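Here is a short report for someone meeting this model for the first time. Have a look at the sequence and the fold, then read on.

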Amino acid sequence: MANALAEKFMEIRKAAGDTPATAAGKIGISRQGYVKWENGDTKNMTLNNLLIFCEKYNVAVEPLVSGFFSS
């Protein structure tokens with residue numbers, strides 16, 4: 001499921017016409033940290049940073065993480 005979330009991050013960023021560096025700047029994290037999200041490595045993602053991403057890209061949290069936390 002992490003890959004589905006990673007794909008969503010990439011789709012949203014690309015739809016906005018942003019580079020990974022631009023997305024990272026909007027969120028307030030390093031470019032490398034953001035690229036990890038798009039590669040499916042979200043173990044160091046904070047809820048605050050996820051909420052900032054959603055705010056900056058005008059997306060709701062629920063659809064973005066839908067199915068991500070289910071067992």
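Is K43 buried or exposed? K43 is exposed, because its relative accessible area is 69%. Exposed means over 50% relative accessible area, buried means under 20%, and partly exposed lies in between, with a 1.4 Å probe and protein chains only.

This is a predicted model: local features need pLDDT of at least 70, side-chain atom pairs count only at pLDDT 80 or more, and totals for chains, interfaces and linings use all residues. Residues are numbered from 1 along each chain as its sequence is written, and side-chain values use heavy atoms, with hydrogens and water left out.

**Salt bridges**

Side chains of opposite charge can pair when their charged atoms come close. A salt bridge here is a side-chain nitrogen of Lys or Arg within 4 Å of a carboxyl oxygen of Asp or Glu. The whole structure holds three salt bridges.

| Salt bridge | Closest N and O atoms |
|---|---|
| E38 and R13 | 2.5 Å |
| K26 and D18 | 2.7 Å |
| D41 and K43 | 3.9 Å |

Take E38 and R13. E38 lies in helix 3 and R13 in helix 1 (residues 2–15), so the pair ties together parts that are 25 residues apart in sequence. Helices are DSSP runs of H or I with at least four residues, strands are runs of E with at least two, and both are numbered from the N terminus. Helix 3 covers residues 31–38. Both E38 and R13 are buried. For E38 the relative accessibility is 10%. Contact means heavy atoms within 4.5 Å. Leaving out residues up to four places away in sequence, E38 touches A6, F9, M10 and R13.

Next comes D18. D18 sits in the loop between helix 1 and helix 2. D18 is buried, with a relative accessible area of 12%. Its partner K26 is partly exposed, at 32%. The side chain of D18 also makes a polar contact with the side chain of Y57, at 2.6 Å. A polar contact is a pair of N or O atoms within 3.5 Å; within protein, one must be able to donate a hydrogen and the other to accept it, and residues adjacent in sequence count only if both atoms are side-chain atoms. Neighbours within four places in sequence aside, D18 is in contact with R13, A23, K26 and Y57.

In the third bridge, D41 is partly exposed, with a relative accessible area of 25%.

**Aromatic pairs and the core**

Which residues form the aromatic cluster? F9, Y34, W37, F53 and Y57 make up one cluster. Rings of Phe, Tyr and Trp (its six-membered ring) pair if their centres lie within 6.5 Å; planes under 30 degrees apart count as stacked, over 60 as edge-to-face and the rest as tilted.

The structure has six aromatic pairs. The rings of F9 and W37 have centres 5.1 Å apart and planes at 40 degrees, so this pair is tilted. F9 in helix 1 and W37 in helix 3 are 28 residues apart, and the pair links these distant parts of the chain. Both F9 and W37 are buried.

Y34 and F53 form a stacked pair, with 6.4 Å centre to centre and 20 degrees between the planes. This pair also links distant parts of the chain: Y34 is in helix 3 and F53 in helix 4, 19 residues apart. Both Y34 and F53 are buried.

The largest nonpolar core has 15 residues. Such a core is a set of buried Ala, Val, Leu, Ile, Met, Phe, Trp, Tyr and Cys residues joined through side-chain atoms within 4.5 Å. Those with the most contacts inside it are F9, Y34, W37, L50, F53 and L64. Helices 1, 2, 3, 4 and 5 each give two or more residues to this core.

**Helix 2 and two positive phi values**

Helix 2 spans residues 20–27, and A23, A24 and I27 are buried there. They cover an arc of only 100 degrees around the axis, which puts them on the same side of helix 2. The arc is that of the directions from the helix axis to the C-beta atoms. Y34 touches A23, A24 and I27, among others.

G28 follows helix 2, and its phi is positive, near 95 degrees. N58 has a positive phi of about 55 degrees although it is not a glycine. N58 is in the loop between helix 4 (47–56) and helix 5 (61–65). N58 counts as exposed, at 72% relative accessibility.
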